[in-house]
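The following exercises concern a single structure and are to be worked with the model in view. Each task is followed by a solution in steps.

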Amino acid sequence: MQGPAGRQGSSVKGFIMQLAELIFLAVGLSMDAFAVSITKGLQIKKMRFRYAVIPGIWFGVFQALMPVIGFLLGSTFCGLIENIDHWIAAVILGLIGGNMIREAVTEKEENEGEAKTGKDEGPDMGFVTMLLLAVATSIDALAIGLSFAFLKVDIVPAVTCIGLITCGLSIAGVYVGHAFGSRFKKGAAILGGGILIAIGVKILLEHLGILVF
């Protein structure tokens, strides 16, 4: 028979295990956002803190928001989304990645224009681009929210943890990408586009059951 101290120790151990599982889940969910953030960093010629914060906020918020939507809307909606979410993500990432490669190939003309104006426009972090990337990298988290509902997980701390970890890793990803991009420049931009396309293909193959991790 367990005494109060034994029950308290068991409770603490259970909390630590749940927290560890949640952190592992958050890191796993954030890997696509981390990789996309690296591609943003590859595009940066002169690093500014806001270039890292913007993807961090976008990806962190959406990675936290999607499980909440799944949690609230339930199995019917999530079931419908799961049938097409991999196609949506693959198309979005493929288009943006292809556009990055196209811009890298025509970089000489752009650099000449920049030299004349003296302006460094920085990476494309406009509203539409970031919205599409945030949706593409977080849409599969809808199903996570559904599982949270079934398992009666406390949704607020769970999605807060997921959002913060994704935000932090995304910021780090931009700096990692910039460190490589500043050395390899044009080739790095082409690599970044290829990474986006590869992430889209990976998501598609995983959901089709062809690629299993």
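**Exercise 1.** In this predicted model, determine whether F127 is buried or exposed.

*Solution.* The relative accessibility of F127 is 58%. The cut-off for an exposed residue is over 50%. F127 therefore counts as exposed.

**Exercise 2.** Classify the aromatic pairs of the structure and state which residues form the cluster.

*Solution.* Step 1: a search of the whole structure gives two aromatic pairs. Step 2: the ring centres of W58 and F62 are 5.8 Å apart and the planes stand at 25°, so this pair is stacked. W58 and F62 are four residues apart in helix 2 (residues 49–82), which means a separation of about one helical turn. Step 3: W58 also pairs with F127, with 5.5 Å from centre to centre and 70° between the planes, an edge-to-face arrangement. Because W58 belongs to helix 2 and F127 to helix 5 (residues 127–138), this pair ties together parts 69 residues apart in sequence. Step 4: W58, F62 and F127 make up one aromatic cluster. Within it, W58 counts as buried at 18% relative accessibility, and F62 is buried as well.

**Exercise 3.** Describe the surroundings of I23 in helix 1 (residues 4–42).

*Solution.* Step 1: I23 has a relative accessible area of 34% and is thus partly exposed. Step 2: leaving aside residues up to four places away in sequence, I23 touches C161 and I165. The C-alpha atoms of I23 and I162 are separated by 7.4 Å, although their positions lie 139 residues apart along the chain as a sequence distance. Step 3: together with L19, V27 and M31, I23 makes a nonpolar surface patch of about 280 Å². L19, also in helix 1, is partly exposed at 38% relative accessibility.

How values were computed. Residues are numbered from 1 along each chain as its sequence is written. This is a predicted model: local features need pLDDT of at least 70, side-chain atom pairs count only at pLDDT 80 or more; totals for chains, interfaces and linings use all residues. Side-chain values use heavy atoms; hydrogens and water are left out. Buried means under 20% relative accessible area, exposed over 50%, partly exposed in between (1.4 Å probe, protein chains only). Contact means heavy atoms within 4.5 Å. Patches are made of residues with over 30% relative accessible area and no salt bridge: like charges are joined within 9 Å, nonpolar side chains (Val, Leu, Ile, Met, Phe, Trp, Tyr) within 5 Å. Accessible areas come from the Shrake-Rupley method with a 1.4 Å probe; for residues, only the protein chains shown count as cover. A salt bridge is a side-chain nitrogen of Lys or Arg within 4 Å of a carboxyl oxygen of Asp or Glu. Helices (H or I, at least four residues) and strands (E, at least two) are DSSP runs, numbered from the N terminus. Rings of Phe, Tyr and Trp (its six-membered ring) pair if their centres lie within 6.5 Å; planes under 30 degrees apart count as stacked, over 60 as edge-to-face and the rest as tilted.
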